[in-house]
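Visitor: Could you take me through this model, one feature at a time, and give the reasoning behind each answer?

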Amino acid sequence: MLRQTHQACTSFLAGKHATIDGSPLIARNEDNGVAIWPKQAVVYPATENQDTTFVSKNNQFTTTLPVHAAQYTAVPDTDPSEGDYAESGINAHNVAMSATESAYANSRVLGVDPLVGDGIAEDAMVTVVLPYIDSAQAGIKRLGHLVETNGAAEANGVLFSDADEVWYMEIVSGHHWVAQRIPDDMYAVVANQLAIQDIDFDRPGDFLTSTGIRHFVQANHLNPDGNRFNSRHIFGTQSTFDAHYNTPRVWYGHKLFTPSAFENPTDQELPFLRHAERKISVPDVAELLGSHYQETPYDPLGTGTTTEKHLYRAIGLSRTENSHILQIRRHVIPSLAGIIWQCFGNPAFNPYVPFYASGDQLSASYHADNRTFSPQNPYWAGKLLETLGEAHYHQNREQISNFLKHTQALGIQRLVVGDALPHPNASTLGEFNATTATTFATEIETQAGKLLCTNAEQSALSFKMDHNL
């Protein structure tokens, strides 16, 4: 395969008091440059005295790793020849990480602190950070140190959470970064832009930044606002491309969770943080990540004009390879706290399967070599389901909605059963994860069969039968 970029994502973050059950949530669609780019979902065991030299296959970024690595989950590319692209996971300390939300720094900033060709990039971030941290803030500090010392090859946003805090970090130039804690009662939607706004340097519990960033900005005359330090204005972009590719996704997220906001989809000043008008649940986040501007003229599968339907880039795409919702639950014992809601393919058509992060496996099927098509493989089953679902979408819409509702309930039911296990250790939770995967595989296969039969009746190569023949 030719190398394809992982650069067109949509992210969501919510503090613990913004959610229906008090669980911090981070979530993201990992989108690719092509519709088919196989992924796996794996558990990496804890290690001691490992080879501590890491070299990226993508750009030769090199660093020394700590000796001890905690167990962690990840969703790497099946083909690792140019980097892991591990993307998302939860470690043994119940710290969740999702990397990255690709973004763009402006030319003023890159002129004085350009990106570094062999600096840290998306392909390496989860691999060199997640196994070595015990809190969300520790993740920011470790990644921030790597950016400052080795440089960054890309401008990116990175999501972190633990049982208490949710943080969003942005790499804004070759050696500088900013991070903001998501307030406990607020949420954020991010779509391929540098999104963090005003930084308060007197609140280190809510903001973290690279060393010397204020002096860097002042010395290079980068601040267009004078006395305030608006990171988005200083480092980000406000282009026509942003207005059509990026900001509409943020607008639609706000429309779902804060409908009274009455925003404009091309507004370049949409707020980074919002209060939701109701408590947010995992199914609500799934709806966002699978959305395509439903009930607006901009839905590519809707009834708007041809121009309207292609005006803005949707959220759930055929090029979504890995969609995940990472939940750190606060009402259960630590071994049951970390839940990976994993979806392969476009969540507009595919379910999120819940796995216990502390299990010693997710499922052998999720770790299987899937470079070529196999309808039994979870990645390919998801791609098949989305292709069948999109075909004749209007005829299939009710069936798709019922399927997603059913599997959401099934996922919750699986957690109710799993939470009641008498001895929830790594082995028993790993076995439970494997059973969950099998249960959902059956549901997906059944749905694919139903869609196949429905679509067959809609074929243009058909005719009305004469029953006298």
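Guide: What follows is a set of questions and answers on a predicted model, moving from strands and a helix to charged pairs and single residues.

Visitor: Which residue in β14 is the bridge partner of R28?

Guide: Strand β2, residues 25-31, and β14 run antiparallel and are joined by seven bridges. Within that pairing, the residue of β14 that partners R28 is H324.

Visitor: Which residue of β15 stands opposite S323?

Guide: Strand β14, which covers residues 320-328, is mostly covered, with nine of its nine residues buried. It pairs with strand β15, residues 338-344, in the antiparallel sense over seven bridges. In β15, the residue facing S323 is C343.

Visitor: How far apart are the end C-alpha atoms of helix α12, and what span should its residues give?

Guide: Helix α12 runs over residues 393-419, and its 27 residues, at 1.5 Å a residue, should span 39 Å. The helix does bend, by about 30° at Q399. The expected span nevertheless agrees with the separation of the end C-alpha atoms, which is 37 Å.

Visitor: Which elements do the buried residues of α12 pack against?

Guide: The buried residues of α12 include Y393, N396, I400, F403 and L404, and further along the helix L410, R414 and L415 are also among them. Their packing partners are α9 (334-337), β15, β16 (353-356), α11 (378-390) and α13 (426-457).

Visitor: What is the distance between the closest N and O atoms of D184 and R181, and are these residues buried or exposed?

Guide: Side chains of opposite charge can pair when their charged atoms come close. D184 and R181 form a salt bridge, one in a count that comes to 17. Both residues are buried, and their closest N and O atoms are separated by 2.9 Å.

Visitor: How many residues apart are D198 and R228, which form a salt bridge?

Guide: The closest N and O atoms of D198 and R228 are 2.8 Å apart. This pair links distant parts of the chain, since D198 lies in the loop between β12 (187-190) and β13 (207-209), whereas R228 lies in the loop between α4 (213-219) and α5 (231-235), and the separation is 30 residues.

Visitor: Is D198 buried, partly exposed or exposed, and what is its relative accessible area?

Guide: Residues between 20% and 50% relative accessible area are classed as partly exposed. R228, its salt-bridge partner, falls in that class at 37%. D198 is also partly exposed, because its relative accessible area is 35%.

Visitor: What separates E386 and K383 within helix α11?

Guide: The side chains of E386 and K383 meet in a salt bridge of 3.6 Å, N to O, and both residues are buried. Because they are three residues apart in helix α11, their separation is about one helical turn.

Visitor: Which backbone oxygen does the side chain of T296 reach?

Guide: T296 sits in the loop between α7 (282-289) and α8 (306-309), and it counts as buried because its relative accessibility is 13%. Leaving out residues up to four places away in sequence, T296 touches W251, Y252 and K255. Its side chain reaches, at 2.7 Å, the backbone oxygen of Y293.

Visitor: Is E295 buried or exposed, and what is its relative accessibility?

Guide: E295 is found in the loop between α7 and α8, and its phi is positive, about 65°, although it is not a glycine. E295 counts as exposed, because its relative accessibility is 77%.

Visitor: With which side chain does the side chain of S23 make a polar contact?

Guide: S23 lies in the loop between β1 (10-14) and β2, and at 0% relative accessibility it counts as buried. Not counting residues up to four places away in sequence, S23 touches K16, Q327, I328, R329 and R330; of these, K16 and R330 are linked with D164 in a network of salt bridges. The polar contact, at 3.0 Å, is with the side chain of D21.

Visitor: Which peptide bond is cis, with omega near 20°?

Guide: The bond leads into T100, a residue found in strand β8, residues 96-102. With omega near 20°, the cis peptide bond is that from A99 to T100.

Technical notes
Residues numbered from 1 in each chain as written. Predicted model: local features only at pLDDT ≥ 70, side-chain atom pairs only at ≥ 80, totals over all residues. Heavy atoms only, no water. Buried < 20%, exposed > 50% of the residue type's maximum accessible area, 1.4 Å probe, protein only. Helix = DSSP H or I, 4+ residues; strand = E, 2+ residues; numbered from the N terminus. Pairing = 2+ DSSP bridges. Expected span 1.5 Å × (residues − 1). Bend = angle between axes of the 7 residues up to and from the residue. Contact = heavy atoms within 4.5 Å. Salt bridge = Lys/Arg side-chain N within 4 Å of Asp/Glu carboxyl O. Polar contact = N/O pair within 3.5 Å; in protein donor to acceptor, adjacent residues only side chain to side chain.
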